[in-house]
Amino acid sequence: ANGAWMFVLNPTSPLEFSEPNDNSIVVKIQIGRTGFMLTGDCEQACETSILNAGFDLESETLKVGHHGSRTSTSSAFLSAVSPSIAVISAGLNNQYGHPHQEVVDLLLSRGISIYGTYQSGDVTIIGYPDRLLVSGQPQPIPEFPAVFVTLFMSLAIVLTLLRLKKL
């Protein structure tokens, strides 16, 4: 498992999809036992095609597809990649609302550390044959999904109301 390899998983020839995003270049870079999955703008149709091809997709780092859009990063694809780190490349306050909250929630629900260029600027992850190094000081995306934040806020409101009722 020494050395470095790059596997081009998409696009196929001839092109499989009419949607340009699904013909994005998708590569897996393997350095020893450390893998990086770079998905471009690949959406769920593209992910399904890659899954159906039977490739070993397991990678420690996932560059989340299509800027964290809900049209990518399906549960099945995420299970096959099984990353510990995800990077979302998106502009701050972009017109598309990327990343979409449900994608962030899905990643967080699986215990994946998320870094976003919209929050930290450049995110550099260095792969060694046996480990990863997140370089610089990118800020991880908040560790609690929005669902939990809403739940905690609701609980705090109820407790405050109960406390006021006792007064």
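User: What is the relative accessible area of S113, and how do I read it?

Analyst: Buried means under 20% relative accessible area, exposed over 50%, and partly exposed in between (1.4 Å probe, protein chains only). S113 has a relative accessible area of 33%, so S113 is partly exposed. One caution on the source: this is a predicted model, where local features need pLDDT of at least 70, side-chain atom pairs count only at pLDDT 80 or more, and totals for chains, interfaces and linings use all residues. Residues are numbered from 1 along each chain as its sequence is written, and side-chain values use heavy atoms, with hydrogens and water left out.

User: Which residues are in contact with S113, leaving aside its neighbours within four places in sequence?

Analyst: Read contact as heavy atoms within 4.5 Å. On that basis S113 touches S84, I85 and A86. S113 and P140 make another pair to look at: they are 27 residues apart in sequence, while their C-alpha atoms are 6.7 Å apart in space. As for its element, S113 sits in strand β6, residues 113–116.

User: How many helices and strands does the protein chain have?

Analyst: Elements are DSSP runs, numbered from the N terminus: helices are H or I of at least four residues, strands are E of at least two. The protein chain has 5 helices and 8 strands. From the N terminus on, they run β-β-β-α-β-α-β-α-β-α-β-β-α. Two totals help here. Of the 167 residues in the protein chain, 38% are buried. Take contacts between residues at least 6 apart in sequence: 58% of them join residues at least 24 apart.

User: What is the strand order in the open sheet?

Analyst: Strands of a sheet pair through backbone hydrogen bonds, either parallel or antiparallel. Two strands pair if DSSP finds at least two bridges between them. Here 6 strands form an open sheet in the order β1-β2-β3-β4-β5-β6, and the pairing is mixed. β1 and β6 are the edge strands, each pairing on one side only.

User: In which sense do β4 and β5 pair, and over how many bridges?

Analyst: Strand β4 (residues 61–63) pairs with strand β5 (residues 85–88) in the parallel sense, over 3 bridges. To place the register, take L62: its bridge partner in β5 is A86. Now look at the side chains of β5. I85 and V87 point one way, A86 and I88 the other way, and all are buried. The link from β4 to β5 passes through α2, and this β-α-β crossover is right-handed (with the strands pointing away from the viewer, the path from the first strand over the helix to the second runs clockwise).

User: And how do β5 and β6 pair?

Analyst: They pair in the parallel sense over 4 bridges. I88 stands opposite G116 in β6. From β5 the chain crosses through helix α3 (residues 101–109) to β6, in another β-α-β crossover that is right-handed.

User: Which residues of helix α1 are buried?

Analyst: Helix α1 covers residues 44–52, and its buried residues are C46, E47, S49 and I50. Seen down the axis of α1, they fall within an arc of 160° (taken over the directions from the helix axis to the C-beta atoms), so they line one face of the helix. These buried residues pack against β1 (4–10), β2 (26–31) and α2 (75–81). After α1 comes G54, whose phi is positive, near 80°.

User: What lies around S24, in the loop between β1 and β2?

Analyst: Start with burial. S24 has 13% relative accessibility, so it counts as buried. Leaving aside neighbours within four places in sequence, its contacts are N10, P11, T39, G40, D41 and C42. A polar contact is a pair of N or O atoms within 3.5 Å; within protein, one must be able to donate a hydrogen and the other to accept it, and residues adjacent in sequence count only if both atoms are side-chain atoms. A polar atom of the S24 side chain lies 2.8 Å from the backbone oxygen of N21. A polar atom of that side chain also lies 3.1 Å from the backbone nitrogen of D41.

User: Is N2 buried or exposed?

Analyst: N2 counts as exposed, because its relative accessibility is 69%. N2 lies in the segment before β1. Its C-alpha atom is 7.1 Å from that of I31, although the two are 29 residues apart along the chain.
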